[in-house]
Amino acid sequence: MCTQSKAATLMAKIPLADIDPSGVFKYVLIRIHSKDSDKDDSIEIVRGYGWAEYHADIYEKVSEELEKDGHLECECIGGGRIKHDAQAKKIHVYGYSMGYGRAEHAVSTEKLKAQYPDYEVTWDNEGY
């Protein structure tokens, strides 16, 4: 019988992308691992919010919430900016984080496309 670890069950419930409904804001790409398993199971998630003054503000809030039960461990693997135009159904990912470096925007874009399948989602490495 195959059973999932507590961490795998928790990771399966985490949305791959969560961003503000519109505007231009900072985002981070976070890798989540199981603390309980020797397996190399991990997922990557995108989080972007206009309230954040720094990329670290987003990472600290999200990682604190995800790590609170002791089963998951987070690491920030980069950041950038997102321009979300809900009316035009467009999301553009670009730039970098001074503290975490540039996220793999291609990975972030795939997570966003899954969350927003009817949007045009683009990226480039230009800008801050």
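What follows is a walk through the fold, from the whole chain down to a handful of residues.

A word on ground rules: this is a predicted model, where local features need pLDDT of at least 70, side-chain atom pairs count only at pLDDT 80 or more, and totals for chains, interfaces and linings use all residues. Residues are numbered from 1 along each chain as its sequence is written, and side-chain values use heavy atoms, with hydrogens and water left out.

Let's start with the layout. The chain has three helices and six strands, where helices (H or I, at least four residues) and strands (E, at least two) are DSSP runs numbered from the N terminus. Read from the N terminus, the elements go α-β-β-β-α-β-β-α-β. The radius of gyration is 15 Å, close to the 14 Å that the globule rule gives for 128 residues, so the chain is as compact as a globular protein of that length. Here the radius is taken over C-alpha atoms, and the rule is 2.2 Å times the number of residues to the power 0.38. Along its principal axes, the C-alpha trace spans about 45 × 30 × 20 Å.

How much of the chain is buried? Buried residues make up 39% of the 128, with buried meaning under 20% relative accessible area, exposed over 50%, and partly exposed in between (1.4 Å probe, protein chains only). As for contacts (heavy atoms within 4.5 Å), take those with a sequence separation of 6 or more: residues 24 or more positions apart account for 65% of them. On the outside, the chain exposes about 7,300 Å², and carbon and sulfur atoms supply 47% of that; the areas come from the Shrake-Rupley method with a 1.4 Å probe, and for residues only the protein chains shown count as cover. There are 16 positive and 23 negative side chains, and the centres of the two sets lie 4 Å apart. In that tally Lys and Arg count as positive and Asp and Glu as negative, while His and the chain ends are not counted. Each charge is placed at NZ of Lys, CZ of Arg, CG of Asp or CD of Glu.

Now zoom in on helix α3, which covers residues 105-115. Its buried residues are His105, Ser108, Thr109, Lys111 and Leu112. Looking down the axis of α3, these buried residues fall within an arc of 160°, so they line one face of the helix; the arc is that of the directions from the helix axis to the C-beta atoms. The spacing has a simple background: an α-helix has 3.6 residues a turn, so residues three or four places apart point the same way. And what do the buried residues of α3 pack against? The list is β1 (17-19), β2 (23-34), β3 (42-49), β4 (72-85), β5 (90-94) and β6 (120-123).

Ser108 is a good residue to click on in this helix. Its relative accessibility is 0%, so Ser108 counts as buried. Leaving out residues up to four places away in sequence, Ser108 touches Tyr27, Leu29, Val46 and Ala103.

From the helix, step over to the strands. Glu44 sits in β3 and, at 18% relative accessibility, counts as buried. Beyond its neighbours within four places in sequence, Glu44 is in contact with Leu16, Leu29, Ile30, Arg31, Ile77, Val107 and Lys111. The C-alpha atoms of Glu44 and Ile77 are separated by 9.0 Å, with their positions 33 residues apart along the chain.

Over in β4 you'll find Gly79, buried at 0% relative accessibility. Its contacts more than four places away in sequence include Tyr27, Val28, His55, Tyr100 and His105. Gly79 and Gly99 are 20 residues apart in sequence and 8.4 Å apart in space, C-alpha to C-alpha.

Lys89 is in the loop between β4 and β5. Is Lys89 buried or partly exposed? At 37% relative accessibility, Lys89 counts as partly exposed. Its phi is near 55°, a positive value in a residue other than glycine. For background, most residues other than glycine have a negative phi.

Strand β5 holds Tyr94, which counts as buried at 18% relative accessibility. The C-alpha atoms of Tyr94 and Gly127 are 6.6 Å apart, although the two are 33 residues apart along the chain.

Finally, Asn125 is in the segment after β6 and, at 36% relative accessibility, is partly exposed. Not counting residues up to four places away, Asn125 touches Arg102 and His105; that His105 is one of the buried residues of α3.
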